[in-house]
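Here's a quick walk through one chain, from its contacts to its cysteines. Have a look at the model first, then read on.

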Amino acid sequence: MLPTKLVGSRDMGGDSTPDEDQGVIRCICDIDDDDGFTIQCENCLVWQHAVCVNVDQDNVPDEYLCEKCNPRKLDVKAPASLARLLCEIR
């Protein structure tokens with residue numbers, strides 16, 4: 001299986017056919033702005049802010065599943081504050 005897509009900025013070009021580089025940000029923080037560091041779910045292809053799901057450059061998983069495809073408890077209060085801050089400074 002391919003490694004998880006982790007990018008600095010997603011390609012949201014004008015092509016109307018969705019592919020693995022396009023899609024929506026559906027993050028646990030409820031912020032849909034691209035903070036410049038997102039990770040894509042291998043199953044449903046949604047993007048999430050890496051910082052919100054405890055992923056950083058040093059611990060990128062080979063395969064990533066979002067909280068809906070792999071239900072687990074995640075702290076949503078801290079990520080929302082951090083994601084909001086990151087989106088404001090971009």
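## Contacts along the chain

Of the contacts in the chain with a separation of 6 or more, 51% are between residues 24 or more positions apart. Contact here means heavy atoms within 4.5 Å.

A word on the source: this is a predicted model, where local features need pLDDT of at least 70 and side-chain atom pairs count only at pLDDT 80 or more, while totals for chains, interfaces and linings use all residues. Residues are numbered from 1 along each chain as its sequence is written, and side-chain values use heavy atoms, with hydrogens and water left out.

## Helix and strands

You'll find three strands and one helix in the chain, in the order β-β-β-α along the sequence. Helices (H or I, at least four residues) and strands (E, at least two) are DSSP runs, numbered from the N terminus.

## Inside and outside

The chain has 90 residues, and 32% of them are buried. Buried means under 20% relative accessible area, exposed over 50%, and partly exposed in between (1.4 Å probe, protein chains only).

About 5700 Å² of the chain is exposed, with 50% of that supplied by carbon and sulfur atoms. These areas come from the Shrake-Rupley method with a 1.4 Å probe; for residues, only the protein chains shown count as cover.

## The cysteines

How many disulfides does a search of the whole structure find? Zero, with a disulfide taken as a pair of cysteine sulfur atoms within 2.5 Å.

Take C27: its closest cysteine sulfur is in C52, and at 3.7 Å that is too far for a bond. C27 counts as buried because its relative accessibility is 6%. For C44, the closest cysteine sulfur belongs to C41, 3.7 Å away, so again too far for a bond. C44 has 34% relative accessibility, so it counts as partly exposed.
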